[in-house]
Amino acid sequence: MRKRIQRTLVAVALITALLMCVLVTGALYLFVSNQLRSELMQTAATLGSMLLKQEDPVAFLSGGVYAERVTLVGADGTVLYESSRSTEGMDNHLSRTEIDEALTRGEGFAVRNSSTLGEARLYYALRLDSGMVLRVSGAQRTLLAMLLGVLGWILAGAVACVLLAVLLARPLTARLVKPINAIDLDHPLESDAYEELTPVLRRMDSQNARIAAQMERLTAQHNELDAILGSMREGLVLLDRRHIVLTMNAAACRLLQVEDNPIGKTMLAVTRSDELVKLLDAGMGESDMTLGGRVLHVSISVVEEGGMCILFQDVTDRTAAEESRRQFSANVSHELRTPLTTVSGYAELLSEGLVKPEDTREMGSRILRESRRLLTLIEDIIRLSRLDEGVTRELSGCDLKAIATACREKLQKLAEEKQITVTVTGTPRMVTGDRVLLEEMITNLMENGIKYNRPGGHVEVTVEQRGNRPQVTVQDDGVGIPKEHQPHVFERFYRVDKSRSKQSGGTGLGLSIVKHGALAHHAEIELQSEPGRGTRISLLFPPCQA
């Protein structure tokens, strides 16, 4: 803008200088013309008054010397006297414009260009009382000649004007644009600018208000959208038609394990998942995929202009639960079928009378043993189902050492049969919980320590305080658990050694009940085991509130 203003000022100065020179030259031309006309009229008037007193006008004129050209023409157009040359051979002047006008109106003017460059002659004719016409003429330079004469001065003036304009253009431009540059675009009406800019400033202020209102609405909508997307548990990704990420919420970044800003990158660069790219190439649809050890349900839909909306749902827990239910159903069916088959077979033999009298007692004992095993299994399944549903008995203050002592007494006969020594040490520690469930949890731990031990082994139950939290620890010196099996021992029906479990008569649900009971009491389970050196399981309870 500054350069444009400077160039404009210089151009205006140059054009103004040229116009002034032309106008001054034209004015000078008019002035000179009028001055010459006045002089010719005055000369003609003076000579005319003098000729009236002369008897021989021609002789009188012939005796004088004149600065202008003087001609005396008779009434018939004959040239009687010519100061510049002899009258012999001269044409009749009756057709001359100035002569004709003088004879008609008393005076006349005419301008005729000379054949010489840049010169013209002004003729003035005055009719005398005698009927003759006195004509006086003088040379006059043409306007073009005068312009050519002052051309040097015109150029010099133009150059001077341009130089002056160049010198003054910069400071003048700075002064002109300073108020414009000083306009506060955020508060234009508070600016001290030119009055002519007031309508523009008002429009700017109005536009600023509209833009501010629109930005406020957009910000509110953006914040609302961020809040909605940020609170979603599902991952949401918007892509354009080239599969470039436009939007990705926090849940999607977490599920896809994206750490850097994904906006503007292709989906392949973000996830490096060929499986997902194949789903995108296929277009709309739903499918499950595994990414980072998680099972994700992917829903893809096409939006406007060929873009895509992808919804990711983490179905790992649901898939694991479904798999667990299927496995649980299969295991329950298997575990129930075994004792039921035994009971049914023995009962059929007894009912058909195919059993010897001396074998009847033994067969009845087997039926009773399998029935008790079946009953225990059903009770454990019912207990687990209730724990899954969060059903517990009334909570009360319970002494962990007293419970552990009662469990030892209940298992004393089994311990003697297995030749295992069971001891309970420590001090009384109170927790708030379901006494029956706590007793079942500790019983299962102690029973496992007895069953999976060697003859002459030991099971030690310790009740103590760990910080401000009560803790029960059951430690044995039995067969132990291999490291690869330790993460799975709390799963339902999971057995490290299936043949040994069958011999011990376990249901495979004991440690699962311990796990769910710990969750119901907000307790933590710690497992330490080494094959051949025994197992140590601790239950760390929250501080007692009662």
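A nonpolar core, as the term is used in these legends, is a set of buried Ala, Val, Leu, Ile, Met, Phe, Trp, Tyr and Cys residues joined through side-chain atoms within 4.5 Å. Keep in mind that everything shown here is a predicted model.

**Figure 1. The whole protein has 16 helices and 17 strands.**
Before zooming in, here is the overall picture. The protein has 546 residues, and buried ones make up 36% of them. Take the contacts between residues at least 6 apart in sequence: 54% of these join residues at least 24 apart.

**Figure 2. Met446 and Phe541 touch the most other members of the largest nonpolar core.**
This core counts 34 residues. At least two residues each come from α12, β12, α14, β14, β15, α16 and β17. The top contributor is α14, which gives 7 residues. Have a look around Met446: leaving aside residues up to four places away in sequence, it touches Ala404, Cys407, Arg408, Leu411, Val422, Val461 and Val474. Another core, of 22 residues, lies apart from this one, and Val237, Cys253, Leu280 and Ile300 are among its members.

**Figure 3. Five strands line up as an open sheet in the order β12-β14-β15-β17-β16.**
The pairing in this sheet is mixed. At the edges sit β12 (421–426) and β16 (524–530), each of them paired on one side only. From one strand to its neighbour, the turn is 15° on average, direction ignored.

**Figure 4. Strands β14 and β15 run antiparallel and are joined by 8 bridges.**
Here β14 covers residues 458–466, while β15 covers residues 469–476. To get your bearings, find Glu464, which stands opposite Gln471 in β15.

**Figure 5. Helices α12 and α14 both meet the sheet.**
Helix α12, made of residues 400–410, lies across β12, β14 and β15. Its direction is at about 170° to that of β12. Helix α14 (residues 435–451) packs on the sheet too, where it touches β12, β14, β15 and β17 (534–540). Compared with β15, the direction of α14 makes an angle of about 20°.

**Figure 6. Helix α16 is largely enclosed by the rest of the structure, because 8 of its 11 residues are buried.**
The buried residues are Gly510, Leu511, Ser512, Ile513, Val514, His516, Gly517 and Ala518. Follow the chain just past α16 and you reach His522, with a positive phi of about 55°. This residue is in the loop between α16 (510–520) and β16. At 64% relative accessibility, His522 counts as exposed.

**Figure 7. Gln419 has a positive phi although it is not a glycine.**
The phi value of Gln419 is near 60°. You will find this residue in the loop between α13 (412–418) and β12. With a relative accessible area of 53%, Gln419 is exposed.

**Figure 8. Phe109 and Tyr124 make up the 1 aromatic pair in the structure.**
The pair is tilted, with 40° between the planes and 4.6 Å from centre to centre. Phe109 belongs to strand β3 (residues 107–113) and Tyr124 to strand β4 (residues 119–127), so the pair ties together parts that are 15 residues apart in sequence. Phe109 is partly exposed, at a relative accessible area of 22%, whereas Tyr124 counts as buried at 3%.

**Figure 9. Arg37 lies over the face of Phe109, and Arg112 lies over the face of Tyr123.**
For Arg37, the distance to the ring centre of Phe109 is 4.2 Å. For Arg112, the distance to the ring centre of Tyr123 is 4.0 Å.

**Figure 10. Glu304 sits in the loop between β9 and β10.**
The loop follows β9 (294–302) and leads to β10 (308–314). Glu304 is exposed, and its relative accessible area is 71%. Now look across to Asp240: in sequence it is 64 residues away from Glu304, and in space the two are 9.0 Å apart, C-alpha to C-alpha.

How values were computed. Residues numbered from 1 in each chain as written. Predicted model: local features only at pLDDT ≥ 70, side-chain atom pairs only at ≥ 80, totals over all residues. Heavy atoms only, no water. Pairing = 2+ DSSP bridges. Helix = DSSP H or I, 4+ residues; strand = E, 2+ residues; numbered from the N terminus. Axes fitted to C-alpha atoms, helices over the stretch in contact; angles between N-to-C directions. Contact = heavy atoms within 4.5 Å. Phe/Tyr/Trp six-rings, centres within 6.5 Å; stacked < 30°, edge-to-face > 60°. Buried < 20%, exposed > 50% of the residue type's maximum accessible area, 1.4 Å probe, protein only. Lys NZ or Arg CZ within 6 Å of the ring centre and 35° of its normal.
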